[in-house]
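Me: I would like to go through this chain step by step, from its fold to its core and its surface. Please give the reasoning with each reply.

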Amino acid sequence: AVYMLIIVDVHDTIFDRSARAERRLEELRQMMGVVWDNSSDVICISVKGNNGDVTTMLSPTFLKIYSPSSLSEAKAIAFDLDKKHFQETKPYQNRRPGDLISAALEYKPKSTFNIEFGDLMRGKSSPTGGRYVVKDEEIGSMAHLVVRAWN
């Protein structure tokens, strides 16, 4: 009977649903961190707040494209877009290539930050990083894409 209790206890420990789910979430978190850091495409995560503003985070690939010298210290870029950009309806078709640059400049973010995504993945309450200065047309082109995706 003692032997059977030990077997049942070991079985419950190994196959505990909540612990198993926790392990699988941790594996997923680690895998997504690797994808985020090593993707050759720019990954964009965007969230709309209750007030209508949209916060967007760009993977380190964005910095690798525009700042090849920062390859070893590339971090994620986060920026905030005002809700006014999402209330306007502008026709996107029939624009000439030069118009795309002026369109990108229209969508300048309110603020832009350099954030360590790994800190967010590890659940740090205050991630490392600071304000980031990037050319308006560079970040504006991504902001323009975010607005188009939300509208």
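Me: In what order do the elements of the chain run from the N terminus on?

Reply: The model is a predicted one. Its secondary structure comes to seven helices and five strands. Read from the N terminus, the order of these elements is α-α-β-β-α-β-α-α-β-α-β-α.

Me: How many bridges join strand 3 to strand 4, and in which sense do the two run?

Reply: One opposed pair in this ladder is Ala 78 and Phe 113, the latter in strand 4. Strand 4 covers residues 111-115. The two strands run antiparallel, and the number of bridges between them is five.

Me: Which residue in strand 3 stands opposite Thr 56?

Reply: Strand 2 also pairs with strand 3, in the antiparallel sense and over five bridges. Strand 2 spans residues 54-58 and strand 3 spans 76-81. Within strand 3, the residue facing Thr 56 is Phe 79.

Me: How many of the six residues of strand 3 are buried?

Reply: Strand 3 has strand 2 as an antiparallel partner and is joined to strand 4 as well. A residue counts as buried when its relative accessible area is under 20%. Strand 3 is mostly covered, and its buried residues number five.

Me: Which helix gives the most to the largest nonpolar core?

Reply: This core has 14 residues, and those touching the most other members are Leu 58, Phe 62, Ile 77, Phe 79, Leu 81 and Ile 139. At least two residues each come from strand 2, helix 3 (60-66), strand 3 and helix 7 (136-150). With five residues, the element that gives the most is helix 7.

Me: With which residues is Leu 81 in contact, leaving aside neighbours within four places in sequence?

Reply: Leu 81 is among the core residues that touch the most other members. Once neighbours within four places in sequence are left aside, its contacts are Asp 53, Val 54, Phe 86, Tyr 107, Pro 109, Ala 143, Val 146 and Val 147.

Me: Why is Val 10 classed as partly exposed rather than buried?

Reply: Val 10 lies in helix 1, residues 2-14. Together with Val 2, Ile 6, Ile 14 and Phe 15, Val 10 makes a nonpolar surface patch of about 480 Å². Buried means under 20% and exposed means over 50%, with partly exposed in between. Val 10 is partly exposed because its relative accessible area is 43%.

Me: What share of the accessible surface of the chain belongs to carbon and sulfur atoms?

Reply: Of the 151 residues, 29% count as buried. The accessible surface comes to about 10,200 Å², and the carbon and sulfur share of that surface is 56%.

Note on methods: Residues are numbered from 1 along each chain as its sequence is written. This is a predicted model: local features need pLDDT of at least 70, side-chain atom pairs count only at pLDDT 80 or more; totals for chains, interfaces and linings use all residues. Side-chain values use heavy atoms; hydrogens and water are left out. Patches are made of residues with over 30% relative accessible area and no salt bridge: like charges are joined within 9 Å, nonpolar side chains (Val, Leu, Ile, Met, Phe, Trp, Tyr) within 5 Å. Accessible areas come from the Shrake-Rupley method with a 1.4 Å probe; for residues, only the protein chains shown count as cover. A salt bridge is a side-chain nitrogen of Lys or Arg within 4 Å of a carboxyl oxygen of Asp or Glu. Helices (H or I, at least four residues) and strands (E, at least two) are DSSP runs, numbered from the N terminus. Buried means under 20% relative accessible area, exposed over 50%, partly exposed in between (1.4 Å probe, protein chains only). A nonpolar core is a set of buried Ala, Val, Leu, Ile, Met, Phe, Trp, Tyr and Cys residues joined through side-chain atoms within 4.5 Å. Contact means heavy atoms within 4.5 Å. Two strands pair if DSSP finds at least two bridges between them.
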